[in-house]
Amino acid sequence: MKIDLTKIIRQRAGGWKGKMIPGFLLHGLERLIHQDELNHVLEATYPKQGTAFAKGVYDFFDLTLTTEGMENIPDDGRFIFASNHPLGGLDGIGLISILGEKYGDANISFLVNDMLMNVEPLRPVFLPINKYGAQGRDAARAINDAYASDRQIIIFPAGLCSRLGDDGVIRDLRWNKSFIAKAIEFKRDIIPVHFIGENSPRFYKTARRRKKLGLKINIEQALLPGELCKSRGKSFHVIFGKPISWQTLADSPHTPTLLASELRSTVYALNVSEIKKFN
């Protein structure tokens, strides 16, 4: 079991296009994402999967994960756990560790970019999002099936991980409204989650420089595997807020876009123990 970035990229490009990508470029990307180190983690945690793998990764890097507000998570019910996305890797793994232990791997689904399906030990709990073509239609059906099931849904509504704002504060980008619509459609309460942690200054500086240059491609994303590999010994804290009923969302006069923005604010308010009243 190992990550082979060259194979992944050539397959995604397809046919002659994949074969035309220079090998030196692919090998450079493999070094950039710390492929050898990531494969060492996979070897060290093999054959663990799902929650056991998530805990194994935290043990491998000697990470500490503490929680607050676990009493806000009911044992029964169908929920959407909506979290900020500060790290781009260890935050998702940490949530799998916590919620997988509470509900079991068979009862959680984490909506992720389809590229992450290449992390085989987490496939049992990952649900890929693919927006294009036939695969996109299949993914949409699988997502609806998951929302209709009794599994708990875990989601990063921002999609991309947090960035440094012009005000000097690290926060998520705008939250996508789709999870609000899904909560109402499938009658799921939302549990706000604040994951406390941050990446290195290099990541945020790279993102800001890229933005100033007007580049559309999020090149800083390639630094995230390295952020994971440099995390040894860090401590993270997760706060779970009280459930927000789907009826409250359905009865609100606000648009889903505004509701998503309000819930994002609610998540960040958890960090200062001042839970914003949800309108």
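The second largest pocket in this predicted model holds about 380 Å³ of space. Of the 18 residues lining that pocket, R163, L164, G165, L173 and K211 sit closest to its centre. Two elements, β6 (163-164) and α9 (201-212), each put at least two residues into the lining, and α9 chips in the most, with five. Sorted by class, the lining comes out as eleven charged, five nonpolar and two polar residues.

Now for the helix packing, where α5 (residues 50-60) turns up in both pairs described here. Its axis and that of α4 (residues 35-45) come within 10 Å and cross at roughly 115°, with α4 passing α5 in a right-handed crossing. On the α4 side, H40, V41, L42, A44 and T45 do the touching, and they meet F53, G56, V57 and F60 of α5. Charged residues are absent from this contact, which has six nonpolar and three polar ones.

With α6 (residues 90-103), the axis of α5 comes within 8 Å, and the two cross at roughly 130°. An angle from over 115 up to 145 degrees counts as oblique, so α5 is oblique to α6. Here the crossing is left-handed. From α5, the contact draws on G50, T51, A54, K55, V57 and Y58, while α6 brings L90, I93, G94, I96, S97, G100 and E101. The class tally for α5 with α6 is six nonpolar, five polar and two charged residues. V57 of α5 is listed in the contact with α4 and also in the one with α6.

Conventions
Residues are numbered from 1 along each chain as its sequence is written. This is a predicted model: local features need pLDDT of at least 70, side-chain atom pairs count only at pLDDT 80 or more; totals for chains, interfaces and linings use all residues. Side-chain values use heavy atoms; hydrogens and water are left out. Axes are lines fitted to C-alpha atoms, for helices over the stretch in contact, and angles run from 0 to 180 degrees between N-to-C directions. Helices (H or I, at least four residues) and strands (E, at least two) are DSSP runs, numbered from the N terminus. A crossing is left-handed if the near helix is turned anticlockwise from the far one by less than a right angle, and right-handed if clockwise. Contact means heavy atoms within 4.5 Å. Ala, Val, Leu, Ile, Met, Phe, Trp, Tyr, Cys and Pro count as nonpolar, Asp, Glu, Lys and Arg as charged, and the others, Gly among them, as polar. Angles under 35 degrees count as roughly parallel, over 145 as roughly antiparallel, 65 to 115 as roughly perpendicular and the rest as oblique. On a 1 Å grid over the protein atoms alone, a cavity is a set of points where a 1.4 Å probe fits but cannot get out, and a pocket is an open set with protein on both sides within 12 Å along at least five of seven lines; lining residues have an atom within 4 Å of a point. Grid points are joined across faces, edges and corners, and a volume is the space filled by probe spheres set on the points.
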